[in-house]
Amino acid sequence: MTAITIKLFLVFAKIGSFSFGGGYAMLPFIYKELVLKNGWISLKEYSDILAISQMTPGAVAISYASFIGYKFGGLIGCVSASLGVILPSFIMIVLIASIFKKFYEKDVVKAVFTGIRPGTLGLLAAAAYTVTTSNVKDIKGIIIFFAALLALLIKKIDPIFVLIAGGIVGIIFY
Amino acid sequence: MTQGLLTPIAFIKGASHNFKRSDDMLLGLFTTFFKIGSFTIGGGYAMVPLIQSEVVDRKKWLTSDEFVDTLAIAQSTPGALAVNMSAFIGYRKGGIIGAILATLGCSLPAIVPILIIAIFFNKFMDIKIVQKAFKGLRPTVAALIVYSVYKIALAGKIKNLWYILTVISALAIIVFKADPLIIILASGIVGVVFGRGNVKNDSNND
């Protein structure tokens with residue numbers, strides 16, 4: 001059992017180390033490692049887990065890690081895989097954060113960020129576009145989308161309440 | 001006489017208040033990110049509006065600028081966006097322990113439901129109510145992310161012509177499927193090339 005625990009950790013550490021730019025960018029790596037290289041899951045299971053991860057809280061990578069970790073290594077496997085996918089980026093971020101303050105005040109860095117901020121907003125806008133086009137599929141979806149937007153914009157309702165309301169509306173509408 | 005009593009009391013209160021504040025911060029990091037992690041449904045970007053609402057608006061741990069910068073860094077480093085953002089904010093507010101607590105906080109809600117589902121896999125997929133709830137949640141999450149973009153624009157920290165860069169990056173991703181890291185690097189370079197002149201003005205306005 002220890003061998004599989006270590007293997008789970010290593011495979012997910014590899015996944016966690018090489019994908020940039022947010023959850024879905026990790027999918028090709030996840031597919032390559034879990035389905036092609038190690039044959040741990042079939043393509044169908046891979047898409048089922050993706051669907052489940054859309055329905056459960058948290059990052060998609062952690063969903064895969066805990067699911068597969070549990071499947072092949074029980075509770076310890078689950079923890080090991082989850083730690084694996086989190087640790088590499090965690091360490092890197094802490095390193096960056098620790099030197100960040102020192103460099104943040106420098107003029108060059110400030111100039112860099114005057115460019116990065118609008119660029120990042122563009123990335124977020126792209127994500128907004130992609131998520132909207134893939135999530136809003138029918139008339140009911142459109143209604144819910146605009147209702148949620150109005151609630152947020154005009155009524156300034158807390159996003160968490162809007163989410164809960166969205167789930168309830170889903171149960172009622174569909 | 002009350003003056004004499006007040007000073008040592010105030011001192012002790014102050015000392016324990018500082019100690020308590022740091023513990024409060026650490027606990028706050030865990031609970032806030034646990035809350036954020038519990039409601040991040042459907043992918044890492046769903047966390048962005050929630051962090052905005054909790055960390056920027058409610059707790060005021062970050063300004064809107066710092067928030068956008070955190071987002072930039074989190075997208076430039078490998079790994080899940082959620083982990084990167086929580087680790088970074090956790091570290092800035094509470095050191096290494098803050099980073100660990102924030103990351104744990106946002107990851108735990110992901111693990112427990114998945115475990116339960118892994119055990120009862122087939123049955124979960126069939127639960128009609130769950131399916132219906134998520135049909136409602138998906139467009140809601142989309143609206144949330146759109147709102148997030150709007151809020152950052154509203155914060156007004158990005159000056160007019162720089163929005164061209166926003167549009168270009170958005171198009172680069174949507175149409176050309178560019179790598180986010182490339183976009184961030186390119187934006188940084190544009191910032192250095194065109195931004196130098198603006199930096200002095202910005203710091204005067206601050």
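**Close-up views of salt bridges and a cavity**

**Figure 1. Salt bridge between B:K151 and B:D57 in the predicted model.** B:K151 is buried, at a relative accessible area of 16%, because values under 20% fall in that class. Its partner B:D57 has a relative accessibility of 35% and counts as partly exposed. The two side chains meet at 2.6 Å, taken from N to O. B:K151 belongs to helix α6 (residues 128–154) of chain B, whereas B:D57 belongs to helix α2 of chain B; the pair therefore ties together parts that lie 94 residues apart in sequence.

**Figure 2. Salt bridge between B:R58 and A:D158.** In this pair the closest N and O atoms are 2.5 Å apart. The contact crosses between chains: B:R58 is in helix α2 (residues 47–58) of chain B, and A:D158 is in the loop between α6 (139–153) and α7 (159–173) of chain A. B:R58 is partly exposed, with a relative accessibility of 46%, while A:D158, at 16%, is buried. Salt bridges with shared partners join A:D158, B:K35, B:E54 and B:R58 into one network.

**Figure 3. Salt bridge between B:D65 and A:R117.** The side chains of B:D65 and A:R117 meet at 3.7 Å, N to O. This pair crosses between chains, with B:D65 in helix α3 of chain B and A:R117 in helix α5 (residues 107–135) of chain A. Both B:D65 and A:R117 are buried. Over all chains, the structure holds nine salt bridges. Side chains of opposite charge can pair when their charged atoms come close.

**Figure 4. Second largest cavity and its lining.** A search of the whole structure finds three cavities of 30 Å³ or more; the second largest has a volume of about 40 Å³. Which residues line the second largest cavity? The lining consists of A:R117 from chain A together with B:S64, B:D65, B:V68, B:I152, B:A155, B:K157 and B:I158 from chain B. Helix α3 (residues 64–76) of chain B supplies the largest share of this lining, with three residues. Sorted by class, the lining has four nonpolar, one polar and three charged residues. Two of the lining residues, B:D65 and A:R117, are the partners of the salt bridge in Figure 3.

Conventions. Residues numbered from 1 in each chain as written. Chains lettered and ligands numbered in written order. Predicted model: local features only at pLDDT ≥ 70, side-chain atom pairs only at ≥ 80, totals over all residues. Heavy atoms only, no water. 1 Å grid on protein atoms, 1.4 Å probe; cavity = no way out; pocket = protein on both sides within 12 Å on 5 of 7 lines; lining within 4 Å. Points joined across faces, edges and corners; volume = space filled by probe spheres on them. Helix = DSSP H or I, 4+ residues; strand = E, 2+ residues; numbered from the N terminus. Nonpolar A, V, L, I, M, F, W, Y, C, P; charged D, E, K, R; others polar. Salt bridge = Lys/Arg side-chain N within 4 Å of Asp/Glu carboxyl O. Buried < 20%, exposed > 50% of the residue type's maximum accessible area, 1.4 Å probe, protein only.
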